[in-house]
Amino acid sequence: MQSNQVMHAAVLHAVGDLRYENVPMPVPGKGEVLLEIAAAGICGSDLPRVLTKGTYHFPTIPGHEFAGVIREAENPELIGKHAAVFPLLPCRKCPACQVGEYANCEHYDYYGSRRDGGFAEYLAVDERNLILLDDKIPLDVASLMEPSAVARAAVRRMQIILGDKVVIFGAGPIGLVAAGFA
């Protein structure tokens, strides 16, 4: 189903060719919601994706760190809810997915690099990838949920205990959040 409505988005047409333009409004499919994007972070991986390496196809709307408000959903109770989005879309069929190891999926998709992402006004998002939020959490803060989860996972793997000395290389957002968790 094609939408006649348009929205604004930052569209990557080629390496180094990012344009702010009108694009068709996404139409949610079965199991998806329409998320109005309120905030999107610029990840360190977005810089080479836009400036030197590119994405998996062009044109692509980058952005995998984002949060917003659900505007359309099959379940009417979701409409108006605030949500952040887990950007990895596992195939749910490969051996890794069958045991819940989605990060090791052999055939994954990903918002913002393999498919359109959050540098747009709206995005159709798989309902299973929503992290529903208390509406008291500011959406700009909620857009940092994905990099915060990366930092938290790294710190948990270190098994730090009280009194340990920790060195974190890198003072970008993930390094700073990791230092906070440590």
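Let's start at Gly118, which sits in the loop between β7 (109–110) and β8. This is a predicted model, and in it Gly118 counts as buried, at 2% relative accessibility. Leaving aside neighbours within four places in sequence, Gly118 is in contact with Ile37, Ala40, Pro62, Gly63, Phe66 and Leu123. One of these partners, Ala40, is 78 residues away in sequence, yet the two C-alpha atoms are 6.1 Å apart in space.

Asp46 makes a good companion to that glycine. Its place is in helix α1, and at 2% relative accessibility Asp46 counts as buried. Not counting residues up to four places away in sequence, Asp46 touches Gly41, Gly63, His64 and Phe119. Gly63 is therefore a contact of Gly118 and of Asp46, if contact means heavy atoms within 4.5 Å.

Helix α1 (residues 46–51) also holds Leu51. Is Leu51 buried or exposed? Leu51 is exposed, with a relative accessible area of 55%. Together with Ile42 and Leu47, Leu51 makes a nonpolar surface patch of about 330 Å².

**The sheet and the hairpin**

Five strands form an open sheet in the order β8-β3-β4-β5-β9, with antiparallel pairing. Its edge strands are β8 (122–126) and β9 (130–133), each of which pairs on one side only. From one strand to the next, the twist averages 45°. Strands of a sheet pair through backbone hydrogen bonds, either parallel or antiparallel. Within this sheet, three bridges join β4 (residues 65–72) to β5 (residues 82–85), and these two run antiparallel. Which residue in β5 is the bridge partner of Val69? That partner is His82.

Strands β1 (residues 6–14) and β2 (residues 17–24) also pair in the antiparallel sense, over eight bridges. They form a hairpin with two residues between them, and Gly16 in the turn has a positive phi of about 80°. Along this hairpin, Val11 stands opposite Arg19 in β2.

**Salt bridges**

Side chains of opposite charge can pair when their charged atoms come close. A search of the whole structure finds five salt bridges, and the table lists some, among them one that involves Arg19.

| Salt bridge | Closest N to O |
|---|---|
| Arg19 and Asp17 | 2.8 Å |
| Arg71 and Glu36 | 2.6 Å |
| Arg128 and Asp126 | 2.9 Å |

The pair of Arg71 and Glu36 is worth tracing on the model. Arg71 lies in strand β4 and Glu36 in strand β3 (residues 32–41), so the pair ties together parts that are 35 residues apart in sequence. Arg71 is partly exposed, with a relative accessible area of 41%, and Glu36 is partly exposed at 26%.

In the hairpin pair, Arg19 counts as partly exposed at 38% relative accessibility, and Asp17 is partly exposed at 24%. The remaining pair in the table joins an exposed residue to a buried one: Arg128 counts as exposed at 56% relative accessibility, whereas Asp126 counts as buried at 13%.

**A look at β7**

Asp109 is found in strand β7. Leaving aside neighbours within four places in sequence, Asp109 is in contact with Pro87, Leu88, Leu89, Arg114 and Arg115. What separates Asp109 and Met145 in sequence and in space? They are 36 residues apart in sequence and 19 Å apart in space, C-alpha to C-alpha.

Conventions: Residues are numbered from 1 along each chain as its sequence is written. This is a predicted model: local features need pLDDT of at least 70, side-chain atom pairs count only at pLDDT 80 or more; totals for chains, interfaces and linings use all residues. Side-chain values use heavy atoms; hydrogens and water are left out. Patches are made of residues with over 30% relative accessible area and no salt bridge: like charges are joined within 9 Å, nonpolar side chains (Val, Leu, Ile, Met, Phe, Trp, Tyr) within 5 Å. Accessible areas come from the Shrake-Rupley method with a 1.4 Å probe; for residues, only the protein chains shown count as cover. A salt bridge is a side-chain nitrogen of Lys or Arg within 4 Å of a carboxyl oxygen of Asp or Glu. Helices (H or I, at least four residues) and strands (E, at least two) are DSSP runs, numbered from the N terminus. Buried means under 20% relative accessible area, exposed over 50%, partly exposed in between (1.4 Å probe, protein chains only). Two strands pair if DSSP finds at least two bridges between them. Axes are lines fitted to C-alpha atoms, for helices over the stretch in contact, and angles run from 0 to 180 degrees between N-to-C directions.
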